[in-house]
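Me: I am in my first year and would like a close look at a single part of this structure. Could you take me slowly through the strand and helix that border its enclosed space, and then through what lies around them?

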Amino acid sequence: MTDIDGFSISKGGAVSLQPEFIALMANAAIAAYTDFEKPSKDGHAPESLAFGSTSFDYLHRFTGLDTVPWGSEKEERFGLVYRWSESEGVLLIAFRGTSSPYDMWEDLESAEACNFKPFSENVNFPKRVCVGEGFNHIYTKEDSAMKVSMQKQLFALIDDQAESVKHIIVTGHSLGCALCTQFAFDLAVSRPNIKVTNVNFASPRVGTNGFAEAYNSQYDLLSRTVRIRNHYDVVPKVPFKSWPFDFQHVGNQFLVSFGTKSFAHLPQTIVEAWHSMSNYQLVINRATANSPQTWVGDFNDQADLAVLMESLDPTTHRLDWKKGVLKKILESTKSKL
């Protein structure tokens, strides 16, 4: 085996996930967080990621530029690059999500849209391809604090191994989805000879309608992109799709539905539990072991074991904000004061 197909999509758009592949994606996304939050000692590489009887071995890490209005810009670790032990032509690149106050500011700035500029100029590149400004800042910017952008770091790594790289798989969680989706699109535009697969968790809307059309259709990434989304999660609902924002999702969706069994918790606890990568990992691992790929059952929030969660059938149980969910969260807040 020299390549990987981790999912299939029916003509109707239904997604079926390969369990070992999705477990690999989740482990890679978590490893990217760990490399930032608990950095390895100098000279000590992150551990390999198991994939059946093979592995994905650490190759490189990369950084991005964050900024906040009250301070200077800051270079931070944002992800890891792995190579498949079975074939040197397959790379896995994982992007972490929000983990610092700097990241949070970039998230807020992403309600504003800016033009996306691919790494390589292309005369056929369409106009009005716009992405969230904060997302784009992390991906493309450089200054005295960081002289080589994330975009340039990644393409330099790829071009250094141009003859061997045939397939690049990208993944991420939350903000990491916005970054890996920009990179997947950039690859399709700038290095069309490389196969791209994008599987991510809890993605916000990355760009406007023009970006979504170019991504899905012109550069044919619709069939190579899967967004795994918890219906309770609020992050995939932003930036907003309604006027004046016009942000749109890309790719195909694999839906799960999990939330807290009670609203008797602080609102922050509830929202974070809905969005937690560790909770996504637990539910997805159990769901993909079944046919159909749905898991119904109770579990403990992986960040706070005292919080009881429930996973429901996403075809029949979805969060409806119109039925007073926000009111319940606000009432919970009052009871804690």
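Reply: What follows starts with confidence in the model, turns to the cavity and a pocket, and then visits some individual residues and a helix.

The model is a predicted one, and its mean pLDDT is 88, with 86% of the residues reaching 70 or more. The stretch of residues 100-109 has a pLDDT below 50, although in the model it makes 34 contacts beyond near neighbours in sequence. Where pLDDT is low, the predicted coordinates should not be read in detail.

The part you ask about can be approached through the cavity, since one cavity of 30 Å³ or more is counted. This largest cavity holds about 40 Å³ of space. Its lining is made up of Leu-255, Val-256, Ser-257, Val-283, Ala-287, Gln-293, Thr-294, Trp-295, Ser-311, Leu-312 and Pro-314. If you sort this lining by element, β14, α8 and β16, which covers residues 308-312, are the ones that give two or more residues, and β14 gives the most, with three. Sorted by class instead, the lining of the cavity has seven nonpolar residues, four polar residues and no charged ones.

The strand β14 also takes part in an open space, the second largest pocket, whose volume is about 320 Å³. Of the 13 residues that line this pocket, Val-15, Phe-254, Leu-255, Pro-314 and Thr-315 are the closest to its centre. Two elements, β2 (15-17) and β14 (252-260), each give two or more residues to the pocket lining, and the largest share, three residues, comes from β14. By class, the pocket lining has six nonpolar, six polar and one charged residues. Leu-255 and Pro-314 are thus worth finding in the view, for both are named among the residues closest to the pocket centre and both are named in the lining of the cavity.

Next comes the helix α8, which holds Asn-279. Is Asn-279 buried or exposed? Asn-279 is buried, because its relative accessible area is 0%, and the cut-off for being buried is under 20%. Leaving aside neighbours within four places in sequence, Asn-279 is in contact with Phe-258, Ala-273, Phe-299, Asn-300, Asp-301, Gln-302 and Met-309. Asn-279 can also be related to Ser-311, one of the residues that line the cavity: the two are 32 residues apart in sequence, yet their C-alpha atoms are 9.9 Å apart in space.

If you follow the chain onward from α8, you come to the loop between α8 (277-287) and β15 (297-300), where Pro-292 is placed. The peptide bond that joins Ser-291 to Pro-292 is cis, with an omega of about 0°. A cis bond is also found from Val-238 to Pro-239, this time with omega near -20°, and Pro-239 sits in the loop between β12 (225-230) and β13 (247-248).

Backbone angles bring up two other residues. Ser-174 is not a glycine but has a positive phi of about 65°, and its position is the loop between β9 (167-172) and α5 (175-190). Ser-174 is buried, with a relative accessible area of 7%. Ala-202, likewise not a glycine, has a positive phi of about 65°, and this residue lies in the loop between β10 (195-201) and β11 (207-208). At 0% relative accessibility, Ala-202 also counts as buried.

The helix α5, which borders the loop of Ser-174, has 16 residues and reaches 22 Å from its first C-alpha to its last, close to the 22 Å expected at 1.5 Å a residue. Why can α5 be described as largely enclosed by the rest of the structure? The reason is that 16 of its 16 residues are buried.

A last residue to look at is Asn-136, which belongs to helix α3 (residues 133-140). Asn-136 is buried, with a relative accessible area of 7%. Not counting residues up to four places away in sequence, Asn-136 touches Cys-114, Asn-115, Phe-116, Val-131, Lys-141 and Gln-182.

To return to your request, the strand to keep in view is β14, which gives three residues to the lining of the cavity and three to that of the second largest pocket, while α8 is among the elements that give two or more residues to the cavity lining.

Terms used:
Residues numbered from 1 in each chain as written. Predicted model: local features only at pLDDT ≥ 70, side-chain atom pairs only at ≥ 80, totals over all residues. Heavy atoms only, no water. 1 Å grid on protein atoms, 1.4 Å probe; cavity = no way out; pocket = protein on both sides within 12 Å on 5 of 7 lines; lining within 4 Å. Points joined across faces, edges and corners; volume = space filled by probe spheres on them. Helix = DSSP H or I, 4+ residues; strand = E, 2+ residues; numbered from the N terminus. Nonpolar A, V, L, I, M, F, W, Y, C, P; charged D, E, K, R; others polar. Buried < 20%, exposed > 50% of the residue type's maximum accessible area, 1.4 Å probe, protein only. Expected span 1.5 Å × (residues − 1). pLDDT = per-residue confidence, 0-100. Contact = heavy atoms within 4.5 Å.
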